[in-house]
Amino acid sequence: MDKIPLEYLIETIAKALCFEKYVALNNIEDFEKVNMRKAIECYEEQKDQYLHKSFELLNLFHDLDNDNLIQEGTDTIH
């Protein structure tokens, strides 16, 4: 796969960041015991914050304004 939709990548990173914080705050050691409903609620409550953090994190490694990363007229990262 050589193209990943930017929106998908940002949302995936945002969910991972939130999940890691949720696990840490709740001292979860066994991932099979995660209450996914509560973890999803946690993400939904802070979605905008995590999406912003995710975009900023991705931007540290890739200049998202660079035409080589975001093709004109598309929203994919290469």
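What share of the contacts in the chain with a separation of 6 or more comes from residues 24 or more positions apart? In this predicted model, such residues account for 59% of those contacts.

**The whole chain**

Begin with the entire chain in a cartoon representation. Three helices and two strands are present, and their order along the sequence is β-α-α-α-β. Switching to a surface representation shows an accessible area of about 6000 Å², with carbon and sulfur atoms contributing 52% of this area. Of the 78 residues in the chain, 24% are buried.

**Helix H1**

Select residues 6-25, which form helix H1. From first C-alpha to last, the 20 residues of H1 reach 29 Å, close to the 28 Å expected at 1.5 Å a residue. Display the side chains of Leu6, Leu9, Ile10, Ala14, Cys18, Tyr22 and Val23, as these residues of H1 are buried. Then move to Asn27, which follows H1 and has a positive phi, near 50 degrees.

Return to H1 and select Glu11 and Lys15. Their side chains meet in a salt bridge, with an N to O distance of 3.1 Å. The two residues are four positions apart, about one turn of the helix. In general, an α-helix has 3.6 residues a turn, so residues three or four places apart point the same way. Glu11 counts as partly exposed because its relative accessibility is 26%, between the limits of 20% and 50%. Lys15 is likewise classed as partly exposed, at 41%.

**Helix H2**

Next, select residues 36-45, helix H2. Here Arg37 forms a salt bridge with Glu41, the closest N and O atoms lying 2.8 Å apart. This pair is also separated by four residues, about one turn of the helix. Glu41 is partly exposed, with a relative accessible area of 36%. The structure holds two salt bridges. As a general point, side chains of opposite charge can pair when their charged atoms come close.

**The nonpolar core**

Now hide the surface and select Ala14, Cys18, Tyr22, Val23, Ile28, Val34, Ala39, Cys42, Tyr43 and Tyr50, the ten residues of the largest nonpolar core. H1 and H2 are the elements that give two or more residues to this core, and H1 gives the most, with four residues. Centre the view on Cys42: leaving aside residues up to four places away in sequence, Cys42 touches Cys18 and Tyr22.

**Helix H3 and the nonpolar patch**

Proceed to residues 47-61, helix H3, and pick out Lys53. Lys53 is partly exposed, at a relative accessible area of 37%. A distance drawn from the C-alpha atom of Lys53 to that of Ile10 gives 9.0 Å, although the two residues are 43 residues apart along the chain. Ile10 has already appeared among the buried residues of H1.

Finally, restore the surface and select Leu17, Leu57, Leu60 and Phe61. Together they make a nonpolar surface patch of about 410 Å². Which element gives the most to the nonpolar patch? That element is H3, with three residues. One member of the patch to inspect is Leu60, which is placed in helix H3. Is Leu60 buried or exposed? Leu60 counts as exposed because its relative accessibility is 66%, over the 50% limit for that class.

Notes. Residues numbered from 1 in each chain as written. Predicted model: local features only at pLDDT ≥ 70, side-chain atom pairs only at ≥ 80, totals over all residues. Heavy atoms only, no water. Buried < 20%, exposed > 50% of the residue type's maximum accessible area, 1.4 Å probe, protein only. Contact = heavy atoms within 4.5 Å. Areas by Shrake-Rupley, 256 points an atom, 1.4 Å probe, with all protein chains shown as cover. Salt bridge = Lys/Arg side-chain N within 4 Å of Asp/Glu carboxyl O. Expected span 1.5 Å × (residues − 1). Patch = residues over 30% accessible without salt bridge, like charges linked within 9 Å, V, L, I, M, F, W, Y side chains within 5 Å. Core = buried A, V, L, I, M, F, W, Y, C linked by side-chain atoms within 4.5 Å.
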